[in-house]
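Trainee: Please pick one part of this model and take me through it up close, cut-offs included.

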Amino acid sequence: MKFKERGFAIISVSLDEDLKALQRMVALKGMTWPQIQDGKDGKLAELFNVTATPVYYLIGRDRKIGAKNIPGKKLGDAIAEAMSK
């Protein structure tokens with residue numbers, strides 16, 4: 001990721017209940033960042049009111065949500081904008 005050297009990190013949270021299905025998806029998509037299997041009734045899904053995926057959140061170093069519900073095609077632009085602040 002082009003922003004990694006500037007402290008940007010990705011963490012994925014899966015609502016998938018089936019660990020093997022999650023592992024297949026991670027391999028298929030070439031996801032090299034940490035994955036958290038939370039399940040559809042998990043605490044993170046509840047905390048962020050996630051009912052479907054994918055959903056994207058940008059969380060700043062101040063631990064505040066800077067952007068949420070970003071369309072996948074606009075994620076790179078949203079990251080670039082957040083990193084410029």
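Mentor: Let's start with Leu44, which sits in helix α2, residues 43-47 (helices are DSSP H or I runs of at least four residues, strands E runs of at least two, numbered from the N terminus). It's a predicted model, where local features need pLDDT of at least 70, side-chain atom pairs need 80 or more, and totals for chains, interfaces and linings use all residues. Residues are numbered from 1 along each chain as its sequence is written, and side-chain values use heavy atoms, leaving out hydrogens and water.

Leu44 counts as partly exposed because its relative accessibility is 30% (buried is under 20%, exposed over 50%, partly exposed in between, with a 1.4 Å probe and protein chains only).

Now the pocket: the largest one holds about 1600 Å³ (1 Å grid, 1.4 Å probe, an open set with protein on both sides within 12 Å along at least five of seven lines, lining atoms within 4 Å of a point; the volume is what probe spheres on the points fill, with points joined across faces, edges and corners). Of its 41 lining residues, Ile10, Ile11, Tyr56, Tyr57 and Leu58 lie nearest the centre. Helix α2 is among the elements giving two or more residues to that lining, alongside β1, α1 (19-29), β2 (35-37), β3 (57-59), β4 (65-68) and α3 (75-83). The largest share, 6 residues, is from α3.

Strand β1 covers residues 12-14 and includes Ser14. Ser14 counts as buried, because its relative accessibility is 11%. Beyond four places in sequence, Ser14 touches Leu22, Ile36, Gln37, Asp38 and Gly39 (heavy atoms within 4.5 Å).
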